[in-house]
Every structure is written in structure tokens, then in C-alpha cells.
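Subject: Structure handover and findings

Dear colleague,

Please find below the structure that I am passing on to you. My findings follow it, grouped by region.

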Amino acid sequence: MPDFEPSVVAFLCNWCSYAGADLAGTSRLKYPPNVRSIRVMCSGRVDPVFVLDALKEGIDGILVAGCHPGDCHYQSGNYKTNRKIKLIKKLLDELGIESDRVRFEYISASEGQKFADTVTEFVFRLKELGPNPLKEECQ
Amino acid sequence: MTYYELPIKEDVPSTVNGLLREWLVHGKIEAVIAMQETPSGKSAFPAMVSDPDKLNTNVFAPILPVSIGTMVSKMTRVRGSTSPIAVVLRSCELRSLVELVKLKQADLNNVFIIGVDCPGTFLINTFSSYPGKGNPTEAVLNDEAEGYLRSACLNCKDPVVESADMVIGIFGADLKKNLILDVKTDNGNSLIKGMDLKVLKDDGKRKKAVDDIRKVKDGNREIFLKEKEEIKGADKLLEFFETCVNCHNCMKACPVCYCKECLFDSSVFDLEANKYMAKAKAKGAFKAPTDSLLFHITKFNHMILSCVECGLCEQACPSNIPLMDIITGIAENAQKEFGYTPGTDPEAPLPMVVYREEEFQDVGE
Ligand code: SF4
Ligand code: SF4
Ligand code: SF4
Ligand code: FES
């Protein structure tokens with residue numbers, strides 16, 4: 001499927017990754033335009049049901065990004081999210097739904113380049129995977 | 001840990017009933033929570049009994065309409081008991097209770113934990129109109145009822161209680177003569193103090209019987225997991241749940257489904273008509289608001305690490321969806337990933353409340 005453009009939803013922490021994405025934009029770094037960003041006050045705000053609901057609605061990839069270890073403004077939101085995402089990915093693997101559609105990254109406010117690289121890589125991987133099989137299903 | 005002989009009087013259930021009665025009469029406990037038979041004998045349910053004359057327990061009745069773990073949680077989560085209670089439960093019930101304590105939804109203060117060896121249970125209807133010979137409790141005690149066991153019981157993760165104040169044992173006992181009381185703690189000792197019980201010399205028979213039954217279950221489980229391996233992928237999952245009527249019974253029956261109010265019983269997924277229109281246009285068609293797949297996956301996400309594989313979800317399903325066909329494997333593998341075995345070690349923290357700074361570095365890949 002050469003012209004498949006994956007849809008990506010990114011949940012970005014206000015204090016770091018959201019600013020990182022902003023920096024990528026203002027520095028005019030090149031990255032695929034497939035991402036819809038949702039700002040959250042901490043990556044810890046991302047309830048697994050947000051991720052699962054997006055997948056169920058047919059979104060091809062979900063990126064969650066938060067502050068680096070030690071930098072979370074609420075102490076441990078990022079660590080807990082790391083665990084939560086780990087569990088979601090394991091669950092998806094067990095259910096036979098590609099867990100690569102979900103990704104968690106630490107991206108700081110100064111890492112515009114990391115944000116751009118992450119999105120580029122992610123979109124590349126999603127193109128390999130093809131469309132989310134739940135998209136076309138009547139469910 | 002010491003084994004004592006509990007001589008059988010009339011039959012096995014009434015012998016245990018007599019033991020509980022004695023504790024009540026002598027004021028060692030003020031109430032018992034245990035499976036009590038209905039007058040017709042067609043069902044049994046957990047009851048809290050304080051009057052010895054009203055005690056009509058059958059702790060081996062092969063039926064599990066609800067988990068006693070759930071009952072103890074309901075009765076103690078507002079505040080624990082200040083007077084002594086004995087709770088008699090099977091292995092899977094106790095494992096769920098341990099999880100509930102960790103979830104701060106049960107309080108074991110003043111609770112004596114009495115485990116019973118579990119020969120397995122039937123579906124409720126199989127019990128109430130038992131198609132086999134004789135009575136279902138005798139059949140299961142004589143190991144003549146394997147064909148009637150629930151799938152969760154055939155593949156039971158562990159039918160023997162390890163950590164309790166006392167375990168009432170049938171495995172390795174000569175049920176014509178006696179039951180085995182495996183007294184494990186000081187609290188357990190205080191219950192039998194003053195009773196004229198003979199110490200049973202440990203000849204290794206019980207251990208062998210327990211090992212054997214565990215081996216049988218593990219073997220069943222392995223075959224079961226192999227058979228069900230291929231229920232994977234979007235199409236198969238949707239097919240698996242296609243008869244789901246979204247009643248949420250599986251969630252209500254689950255002893256470890258911990259939310260006090262389920263997100264899916266709330267109105268968060270109720271949107272304005274135009275949003276549904278947008279969704280219909282985006283997808284072409286969608287299953288009207290009751291979306292079962294999201295419910296099930298979210299439910300797994302909540303309880304899978306604490307799942308004790310009691311099979312109560314499957315038993316509660318009005319559409320007979322064989323939920324254990326997928327839950328058994330997912331629970332085992334997800335728990336392994338987090339190095340967590342639910343219901344065994346009360347000190348082991350729930351995986352989702354702890355974290356280590358350097359771990360699971362591969363989530364991004
Ligand atoms: S799952 Fe195991 S412990 Fe629970 S009722 Fe069945 S055999 Fe007994
Ligand atoms: S998910 Fe099913 S098997 Fe697991 S604890 Fe809940 S009711 Fe029991
Ligand atoms: S009990 Fe059965 S029908 Fe009801 S929600 Fe659960 S799977 Fe669906
Ligand atoms: S504040 Fe950024 S992850 Fe918690």
C-alpha cells in the first residue's frame with residue numbers, strides 16, 4: 001500500500017514533550033505531518049482507555065511522550081505511564097493486535113530533534129504495519 | 001505447621017460444620033462466613049452465621065455462585081471487624097481476597113483465614129440439577145465428577161491454599177475416617193486449643209496427593225492453552241465477542257475488578273448525535289454505542305494482573321462466551337511479564353502502584 005498515510009495521535013506532556021514538539025515546529029525541522037497532538041498536564045494523565053479508544057476508533061498509531069526520568073513535575077507520572085504502556089503493549093500482543101502501534105518516549109522541551117526523529121521513525125513503522133485492522137470493522 | 005486428624009462423624013460436610021460450630025459455641029469466634037446450603041439443597045451461598053443452631057454449611061459443595069473474597073470485601077471495606085470471624089474459602093477465593101486487601105478493599109483484622117482443599121466446582125445449573133449419580137458433594141469428594149467441572153477448575157492454577165491460619169484438607173486423607181487439619185499459624189492453634197485432636201504423623205501422603213493434583217491441573221492447563229492459542233487478531237476477537245450483550249455481568253462477578261463505579265456504566269461514552277454522525281461517516285459503519293471490544297480490553301487492562309482465574313466471569317455470562325479461553329493465557333503471560341503472581345504473597349506490591357526508575361526501556365521500540 002504505497003500511498004497509505006497513517007494517522008497518529010500524540011499525547012504530549014505540557015512541561016516537556018509538548019514544548020519539544022513546538023520547538024521542532026519553530027526550528028522548522030522536517031517530520032511527517034500525520035500527527036494530531038493532544039496536550040496533557042503530565043504523561044501520567046493518559047488513562048489507558050484513551051489509548052485503547054483511539055485504537056478502537058481506527059487510529060493507526062498512538063504516541064505518548066513525557067518528561068525524562070527524574071524530571072516529571074509530579075514526581076512519578078512518567079514512571080507510572082511507562083508501566084501502564086508496558087501493560088497495554090503486552091495485552092495487545094496477547095490479543096494479536098500489533099503492539100508497535102503504541103509507543104512511549106521521554107522527550108524534553110529542548111529535544112525538538114528527538115521529537116521529529118521519533119515521529120519520523122514511528123510513521124515509518126506504521127507504514128510497514130499498514131492500516132489499523134480495527135478501522136474498517138463495524139464495531 | 002502441624003497436621004491433626006479430624007475424625008469424620010456422619011459425613012465430610014457435617015464434620016466441618018461441627019468443627020465450625022464448636023468454635024462458635026466456645027466463643028472462639030463470633031461468626032463464620034462460609035458456604036451455606038439452601039434448604040432445598042439446590043444451591044449454596046456465602047453466609048455469615050453467628051447462631052450455632054443456624055449453621056448449615058457445606059464448604060465442599062461444588063458450586064461457586066459468588067466469591068467469598070467479594071463478600072468479605074463488601075463486609076469489611078468500610079471498616080474491619082472488631083470481633084473474631086472465621087472465613088472459610090477455597091484457593092481462588094482466598095487469592096482474590098489477598099488482592100482485594102492490597103487494593104485496600106478488604107480488611108482482615110480479626111479474621112481467621114480457613115482454607116479448604118478444592119476438588120473443583122460445577123456451573124450453578126449443573127449443581128442444582130445434578131445429572132450424575134448420588135449427590136454432587138459426594139461425587140466431587142470421591143473424585144467422580146471430573147466431567148462436570150467448570151473449565152476454570154479443570155485448569156485450576158492451584159486448588160490448594162498455601163497461606164492461611166488453617167487448611168481443612170481432603171487431599172491425602174482417607175475420607176472414610178478423617179479429614180486433615182493443617183494448622184499453620186498461632187491463630188490457627190488458638191482455634192483448636194482445648195480440642196481433643198490427634199496429631200497426624202506426616203507420612204508424606206498429603207504432600208504427594210497435593211503434588212499429584214497440581215500436576216494434573218498443570219497438565220490440563222498446558223493442553224488448554226495450546227488449544228486456545230489461535231484466538232488472536234482483530235477478526236477473531238470480534239468474532240469471539242460477537243454474542244456479547246454488554247450486560248457487564250462478567251465485570252460484576254469478577255472478584256478483582258476493582259473500580260467502584262465502572263467507566264462503562266457511566267455516561268462518558270455518550271456523545272451528542274452529531275459526533276456519532278461524524279463517526280459513522282469516518283468509519284462507514286459502527287456498532288451502536290454499546291461497544292463491547294473496548295469494554296473487554298479495558299477490563300483486561302484493569303484486572304488482568306490480579307486475575308486469579310476463578311472463572312466467575314465466564315460463569316456469569318448469559319451468552320455462554322467462554323471467557324476463560326482467552327483470559328487464562330493473557331493472565332498467565334501478562335503476570336509473568338511483571339513477575340507477579342496474584343493472591344500468593346500479601347507483601348508483594350501490585351505491579352501498577354510501584355515502579356523502578358530503570359525498567360522496561362524497550363517500550364519505545
Ligand atoms: S478455580 Fe480452583 S480453587 Fe477455584 S473453585 Fe475451581 S478448582 Fe476450586
Ligand atoms: S477475570 Fe474472570 S477469572 Fe479472572 S479473577 Fe475476574 S472473574 Fe475470575
Ligand atoms: S457477561 Fe458475557 S454478555 Fe455480559 S458483558 Fe460479559 S461477555 Fe458480554
Ligand atoms: S510532568 Fe511531564 S511526564 Fe509528568
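By class, how many nonpolar, polar and charged residues does the shell around ligand 2 have? The shell has ten nonpolar residues, one polar residue and one charged residue. Please keep in mind that this is a predicted model.

**The ligand shells**

The residues around ligand 2 come from chain B and include four cysteines, Cys254(B), Cys307(B), Cys310(B) and Cys313(B). Also among them are Met303(B) and Met324(B), together with Pro255(B), Val256(B), Val308(B) and Leu312(B). Gly311(B) and Glu309(B) complete the list.

Glu309(B) appears again around ligand 1. That ligand is surrounded by Cys92(B), Cys118(B), Cys153(B) and Cys156(B), as well as Arg90(B), Ser91(B), Gly120(B), Thr121(B), Arg150(B), Ala152(B) and the Glu309(B) just named. Divided by class, the shell around ligand 1 holds five nonpolar, three polar and three charged residues. Helix 3 and helix 6 of chain B each contribute at least two residues to this shell.

Around ligand 3, the surrounding residues include Cys244(B), Cys247(B), Cys250(B) and Cys317(B). Two histidines, His248(B) and His296(B), are also listed there, as are Asn246(B) and Asn249(B). Val245(B), Pro318(B) and Ile321(B) make up the rest. The shell around ligand 3 contains seven nonpolar and four polar residues, and no charged ones.

**The two domains of chain B**

Chain B is divided into domain 1, residues 2-226, and domain 2, residues 234-353. The C-alpha centres of these two domains lie 29 Å apart. Between the domains, about 2,200 Å² is buried, and carbon and sulfur atoms give 56% of that area. Of the area that domain 1 buries against domain 2, Glu99(B), Lys102(B) and Lys157(B) supply 25%, more than any other three residues. The contact brings together 26 residues of domain 1 and 27 residues of domain 2.

Two salt bridges are counted between the domains, and 14 residue pairs there are in polar contact, with both residues at pLDDT 80 or more. On the side of domain 1 that touches domain 2, helix 3 (91-102), helix 6 (151-154) and helix 8 (205-228) of chain B each supply at least two residues. Helix 3 gives the largest share of that side, seven residues. By class, the same side of domain 1 divides into 13 nonpolar, six polar and seven charged residues.

A salt bridge also joins the side chains of Glu332(B) and Arg221(B), with an N to O distance of 2.5 Å.

**The interface of chain B with chain A**

The contact between the chains takes 42 residues from chain B and 34 residues from chain A. Together the two chains bury about 3,800 Å², with 63% of that area on carbon and sulfur atoms. Three salt bridges are found across this interface. Glu337(B) forms a salt bridge with Lys86(A), where the closest N and O atoms are 3.3 Å apart. Nine residue pairs are in polar contact across the interface, again with both residues at pLDDT 80 or more.

On the side of chain B that touches chain A, two or more residues come from each of helix 9 (234-240), helix 11 (273-283), helix 12 (292-303) and helix 14 (324-337) of chain B. Helix 12 gives the most, with six residues. The residues on this side of chain B comprise 24 nonpolar, six polar and twelve charged.

**Salt bridges in the whole structure**

Over all chains, a search finds 28 salt bridges. In one salt bridge, Asp158(B) pairs with Arg214(B), and the closest N and O atoms are 2.9 Å apart. This pair links distant parts of the chain, 56 residues apart: Asp158(B) is in the loop between helix 6 and strand 6 (166-169) of chain B, and Arg214(B) is in helix 8 of chain B.

Yours sincerely

Key: Residues numbered from 1 in each chain as written. Chains lettered and ligands numbered in written order. Predicted model: local features only at pLDDT ≥ 70, side-chain atom pairs only at ≥ 80, totals over all residues. Heavy atoms only, no water. Domains from an automatic or database assignment. Contact = heavy atoms within 4.5 Å. Buried area = accessible area lost by both parts, 1.4 Å probe. Salt bridge = Lys/Arg side-chain N within 4 Å of Asp/Glu carboxyl O. Polar contact = N/O pair within 3.5 Å; in protein donor to acceptor, adjacent residues only side chain to side chain. Helix = DSSP H or I, 4+ residues; strand = E, 2+ residues; numbered from the N terminus. Nonpolar A, V, L, I, M, F, W, Y, C, P; charged D, E, K, R; others polar. Near = heavy atom within 4 Å.
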